[in-house]
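Student: Can we walk through this one together? I'd like to start with a single loop and go from there.

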Amino acid sequence: MEEYIVSARKYRPTTFTSVVGQGSLTTTLKNAIHSGKLAHAYLFCGPRGVGKTTCARIFAKTINCLSPQENGDACEQCESCVAFNEQRSFNIHELDAASNNSVEDIRSLIDEVRIPPQVGKYKVFIIDEVHMLSTAAFNAFLKTLEEPPRHAIFILATTEKHKILPTILSRCQTYDFNRMSVQDTVRHLQYVAQQEGVAAEPEALNVIAQKADGGMRDALSIFDQVVSYTQGNVTYEQVIQNLNVLDYEYYFKIVDCFLQNKVAELMLIFNDILNKGFQGDHFISGLSKHLRDLLVSRDAVTLPLLEVADAVKARYQEQATKCSPKFLYAAMKLCNDCDLSYKASKNKRLLVELTLIQCGQLTLEADTPAGGLRPAKILKPIFKQQPEVATAQPAVAASVTGSQPESQTSAAAVVSQTQPEEKSTGLSFQELLAQNRGGGSLKTIRLKSGKVGGISIREVMSGNNKKEEPTMNAAQLAAKQEAERLQQMNNPITEDNVRFYWNEFLQLMPLEDAAIKGRMELMQPTLISRDTIEVIVGNHQVERDMLQLKPRVERHMRNGIGNSYLTLKIRVATEKEARKYMSPAERFKAMCERNPSLIKMQKEFNLRVC
């Protein structure tokens with residue numbers, strides 16, 4: 001039986017022309033070889049599996065080729081090329097810095113640098129994963145890297161460029177390798193499948209390319225795994241089953257349910273997804289990506305950002321025409337909030353279901369505020385309810401100071417026009433006016449509209465003597481609208497939504513606030529009154545830090561809960577409350593003060609307080 005070689009090794013490029021996805025870098029290297037302008041040190045950096053070490057080997061082989069081709073590649077026939085292909089060349093040395101990262105290893109390398117090449121012009125030293133070298137090894141390597149012999153060339157390869165000392169970076173020519181695009185990966189996989197005699201659907205190869213996340217080596221490894229599973233017939237259904245990928249058909253169905261407000265079907269689809277073994281965070285992440293793909297499918301300018309197969313691209317464009325940008329923005333915001341809060345949630349399934357319910361109501365009228373950037377928090381009922389008999393409830397207070405026959409007639413007409421379906425209160429409008437004139441209690445009338453025919457009910461009842469309000473400019477109008485909005489933001493505050501938006505604020509904190517974030521995770525915000533939240537801290541330093549964050553926390557929780565009167569109170573724990581934070585030794589000491597027999601038991605059994 002012929003020895004099996006994995007595709008990542010069997011189809012590893014041996015010339016610059018066969019390198020995939022790095023055209024600008026390979027062209028630069030070939031031009032440098034052709035012109036003879038070679039640097040003494042190169043740094044190849046980029047993600048895993050994109051060709052850094054492969055290009056370093058091709059570069060080392062090409063500069064030592066005795067008769068290079070016109071296109072810049074090696075001839076593959078001279079003594080130097082044959083020795084390299086048979087892995088017996090003494091001009092190319094590879095060092096794995098992950099396992100050889102000490103000063104002694106670098107000193108051995110420096111000793112090898114002094115020996116000139118026997119065949120060819122240059123001796124090439126490839127140091128892979130160079131960021132793993134210790135600081136002492138880097139310092140020992142500096143002088144040789146800056147002034148090596150004429151025949152020595154160093155090629156450093158790394159996936160973490162930020163871990164390399166600046167003194168090393170300044171001595172090298174840096175080449176940044178890009179991630180493989182989905183299209184390049186699919187084309188290379190099609191070539192490999194053709195060479196191996198494997199039948200593969202384009203949709204299946206597209207899933208493999210997306211799963212590889214820009215790494216060609218990962219893509220070839222996944223391809224070998226799928227070929228073994230499918231016995232040489234790679235289909236889309238078998239790939240998603242083998243790789244545990246959620247079928248995009250689910251996302252298309254869910255968005256259709258969003259547009260048709262079918263909340264009950266959304267719950268059933270999500271239950272089916274959970275029964276197949278997929279986690280909620282995996283589902284919500286895929287749904288966010290699907291909504292993003294629909295957004296870029298709406299415009300021909302952003303269509304190249306859609307990295308899917310051509311057959312699936314047509315479906316995205318078809319569904320994108322049904323979705324308005326306002327709906328997509330709001331749905332993406334809801335899914336992103338759910339993704340941020342998923343880890344901190346105790347009932348993860350309910351969190352995802354609430355997100356689906358909100359997304360399923362976005363296309364209903366008056367469900368999203370102006371701009372569509374912050375979806376409404378109020379959920380509408382899922383199931384239909386029986387109609388109830390309407391009862392007259394006070395809505396607009398009308399103070400009566402005087403009456404004229406004309407105004408009485410007009411007001412009665414307004415009530416009869418705007419409230420035909422209301423249940424009769426038993427009193428006529430004239431009787432209500434008479435009671436009010438006689439010193440009775442203030443009566444209220446329910447209206448469907450504040451104005452009818454351009455005249456408000458207040459104007460009708462107060463007569464024509466009322467002066468017109470002065471005209472407001474744009475700034476005054478905006479201030480009035482903001483004041484009305486703040487008055488409307490008076491939703492009830494509960495312990496549950498306090499904890500939810502507290503954790504949401506922690507998830508959104510930047511990295512520079514990591515210290516105070518860690519302390520805030522241990523705090524327990526408590527609702528001590530209708531609009532006041534109290535947070536107890538351990539010392540005055542934490543209190544000062546929290547006072548600086550207080551405006552940001554209040555603003556976030558006010559907007560999230562929808563209550564502009566919410567106030568955050570911060571205070572230092574009292575001596576009695578501080579006892580909760582005692583160490584184990586302090587707690588044992590306090591227990592011994594109350595029960596001295598614990599000391600005797602500790603000595604007899606040789607116990608130790610941990």
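Student: Where is Gln-231?

Tutor: Gln-231 sits in the loop between helix H10 (216-230) and strand S7. Helices (H or I, at least four residues) and strands (E, at least two) are DSSP runs, numbered from the N terminus. This is a predicted model, where local features need pLDDT of at least 70 and side-chain atom pairs pLDDT 80 or more, while totals for chains, interfaces and linings use all residues. Residues are numbered from 1 along each chain as its sequence is written, and side-chain values use heavy atoms, without hydrogens or water.

Student: Is Gln-231 buried or exposed?

Tutor: Gln-231 counts as exposed because its relative accessibility is 70%. Buried means under 20% relative accessible area, exposed means over 50%, and partly exposed is in between (1.4 Å probe, protein chains only).

Student: What about the phi of Gln-231?

Tutor: Phi there is near 60°. That is a positive value in a residue other than glycine. Glu-129 also has a positive phi, near 50°, and Glu-129 is not glycine either.

Student: Where is Glu-129, and how accessible?

Tutor: Look in the loop between strand S3 (123-128) and helix H6 (135-146). Glu-129 counts as partly exposed, because its relative accessibility is 24%.

Student: Back to S7. What follows that strand?

Tutor: A loop with Thr-235 in it, between strand S7 (233-234) and helix H11 (236-242). Thr-235 is buried, at a relative accessible area of 14%. Its side chain makes a polar contact with the side chain of Gln-238, at 3.0 Å. A polar contact is a pair of N or O atoms within 3.5 Å; within protein, one must be able to donate a hydrogen and the other to accept it, and residues adjacent in sequence count only if both atoms are side-chain atoms.

Student: Which residues does Thr-235 touch beyond four places in sequence?

Tutor: Glu-201 and Ala-204. Contact means heavy atoms within 4.5 Å.

Student: New topic. Why does Thr-62 count as buried?

Tutor: Because its relative accessible area is 3%. Thr-62 is in helix H3 (residues 52-63). Setting aside residues up to four places away in sequence, Thr-62 touches Phe-16, Ile-33, Gly-72, Asp-73 and Ala-74.

Student: And Leu-43, buried or exposed?

Tutor: Buried, at 1% relative accessibility. Leu-43 belongs to strand S1 (residues 41-45). Beyond its neighbours within four places, Leu-43 is in contact with several residues, among them Val-130, Leu-156, Ile-164, Leu-169 and Tyr-175.

Student: How far apart are Leu-43 and Leu-169?

Tutor: In sequence, 126 residues. In space, 7.7 Å, C-alpha to C-alpha.

Student: How much of the chain's contacts is long-range like that, 24 or more positions apart?

Tutor: Such pairs account for 72% of the contacts with a separation of 6 or more. The chain has 610 residues, and buried ones make up 40% of them.

Student: How many helices and strands are there?

Tutor: There are 27 helices and 14 strands.

Student: Pick two helices that pack. What angle do H13 and H17 make?

Tutor: About 145°, with their axes 9 Å apart. H13 covers residues 263-275 and H17 covers 348-360. Axes are lines fitted to C-alpha atoms, for helices over the stretch in contact, and angles run from 0 to 180 degrees between N-to-C directions.

Student: Which residues meet there?

Tutor: From H13, they include Val-263, Leu-266 and Phe-270. From H17, they include Val-352, Glu-353 and Leu-356. The contact divides into eight nonpolar, two polar and two charged residues. Here Ala, Val, Leu, Ile, Met, Phe, Trp, Tyr, Cys and Pro count as nonpolar, Asp, Glu, Lys and Arg as charged, and the others, Gly among them, as polar.

Student: Last one. Where is Ser-597?

Tutor: In helix H27 (residues 597-605). Ser-597 is partly exposed, at a relative accessible area of 43%. Its side chain makes a polar contact with the side chain of Asn-595, at 2.5 Å.
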